Amino acid sequence: MSILYRSDAVRGRIWAEIFAAEAPELPFHIWPDTGDTAAVEYLIAWQPPVELLRSLSRLQVLFSIGAGVDQIGLEQVPDSVSIVRMVEPGLVSGMVEFATMAVLTLHRNVLDYHRYQRAGTWRQMEVIPAAKRRVGVMGLGVLGQAVLRALAPFGFALRGWSRTPKEVPGVTCYSGSGSLDAFLGGCDILICLLPLTDATRHILDSQLFRHLPQGASLVNVGRGGHLDQSALLDALDSGRLSAAVLDVCDPEPLPAGHPFWQHPSILLTPHIAGVTRPETAARIVLENIRRHRRGEPLRDVVDRSAGY
Ligand code: NAP
Ligand code: GLV
């Protein structure tokens, strides 16, 4: 039995140190050192190549190094292999920090003030109280709910949208495609924290933007594939939307010369909102491996039919 890690090698060394200290009985390899491939029962990876998956004849569990699993290609993973997504406190707190920063940036017009500063213009915009700013989160999962909890103390009017009905204290909840337009109608700031699936690809399109209040703004911390890029440019240029914070793009990195790079109403970051932290994640994965070895059900297993 062994564990194979195939992702960032520098962070991999931290994973290896934690496994060596806390589970010396479990052999831990960092790719390209696979050890005996026939012994690998657990694979920890972001985007495992299909040849690697095929070479691991006794693989039992694939741990995604990220919360999202769209990058894996679920159909390439044998049915006998369980897929587990990343749910760990380090990633959650990073996402909470980033989403809070993005909402406050939009709420307090920071992109506008940055433009005015560069133009040497002293101009005060109306300060809108948080209670009059409506923030909506698409995706009421681990990350969406953590972000809503962090935003609550500011006093924003909060709402959320999910696939199945949810109850979240202090949040007006909507579910299903039939309630999407009603949800959108009360989102001055819209945050996308959905998984990328067949049902959510390009969900951030011109039709969705038309249902937002005039001048609303967008935070995309889901996946680049959620966004119809030209629809966003049209919406910003026509004033339907006022600004966007984009942590994810398609493709990544965004090519040189892409209009997002220089757009005055877009704040672009290179997919760093919620990053898996080895110090916290390794212990969560180790606990899940121990559960599996004891014959207990794994936590955070991906529902392949739902795609997340
Ligand atoms: P999660 O716990 O699985 O939650 C996903 C949420 O999305 C659930 O509430 C789910 O509804 C909802 N959803 C899924 N499909 C939907 C649909 N068709 N219509 C409406 N709602 C739908 O996932 P998570 O851990 O919060 O992560 C969410 C996503 O964030 C990841 O998949 C990834 O794409 C992204 N992410 C980005 C970064 C970054 O750095 N930018 C970092 C981590 C994650 P139900 O509650 O009904 O199941
Ligand atoms: C990062 O994008 C993740 O899915 O964890």
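These legends describe close-up views of a predicted model with two ligands and several salt bridges. Because the model is predicted, local features need pLDDT of at least 70 and side-chain atom pairs count only at pLDDT 80 or more, while totals for chains, interfaces and linings use all residues. Residues are numbered from 1 along each chain as its sequence is written, chains are lettered from A and ligands numbered from 1 in the order in which they are written, and side-chain values use heavy atoms, with hydrogens and water left out.

**View 1. The surroundings of ligand 1.**
Around ligand 1 there are 29 residues, of which Arg85, Leu140, Thr164, Lys166 and Tyr308 come nearest; a residue is counted here if one of its heavy atoms lies within 4 Å of the ligand. By class, this shell holds 15 nonpolar, 9 polar and 5 charged residues. Ala, Val, Leu, Ile, Met, Phe, Trp, Tyr, Cys and Pro count as nonpolar, Asp, Glu, Lys and Arg as charged, and the others, Gly among them, as polar. At least two shell residues come from each of helix 3 (89-107), helix 5 (142-151) and strand 7 (157-162). Helices (H or I, at least four residues) and strands (E, at least two) are DSSP runs, numbered from the N terminus. Domain 1 (2-88 + 276-293) and domain 2 (90-268) both contribute to the shell, so ligand 1 lies between them; the domain bounds come from an automatic or database domain assignment.

**View 2. Side-chain atoms next to ligand 1.**
A polar side-chain atom of Tyr308 is 2.5 Å from an oxygen atom of ligand 1. For Asp247, an N or O atom of the side chain lies 2.9 Å from a nitrogen atom of ligand 1. Arg223 has a polar side-chain atom 3.5 Å from an oxygen atom of ligand 1. On its own, ligand 1 has 940 Å² of accessible area, and the protein covers 93% of this. Such areas come from the Shrake-Rupley method with a 1.4 Å probe.

**View 3. The surroundings of ligand 2.**
Trp46, Gly66, Ala67, Gly68, Leu91, Arg223 and His271 are the residues around ligand 2. This shell has 3 nonpolar, 3 polar and 1 charged residues. Oxygen atoms of ligand 2 lie 2.5 Å from a polar side-chain atom of His271, 2.7 Å from an N or O atom in the side chain of Arg223 and 2.8 Å from a polar backbone atom of Gly68. Of the 190 Å² of accessible area that ligand 2 has on its own, the protein covers 87%.

**View 4. A salt bridge between Glu25 and Arg290.**
The two side chains meet at 3.5 Å, N to O; a salt bridge is a side-chain nitrogen of Lys or Arg within 4 Å of a carboxyl oxygen of Asp or Glu. By this rule the count comes to 12 salt bridges. Glu25 is in the loop between helix 1 (9-22) and strand 2 (28-30) and Arg290 in helix 10 (residues 278-293), so the pair ties together parts that are 265 residues apart in sequence.

**View 5. A salt bridge between Arg58 and Glu41.**
The side chains of Arg58 and Glu41 meet at 3.1 Å, N to O. Arg58 counts as partly exposed at 44% relative accessibility, whereas Glu41 counts as buried at 6%. Buried means under 20% relative accessible area, exposed over 50%, and partly exposed in between (1.4 Å probe, protein chains only).

**View 6. A network of salt bridges.**
Glu287, Arg291, Arg294 and Glu296 are linked in this network. Within it, the side chains of Arg291 and Glu296 meet at 3.8 Å, N to O.

Definitions and conventions: Polar contact = N/O pair within 3.5 Å; in protein donor to acceptor, adjacent residues only side chain to side chain.
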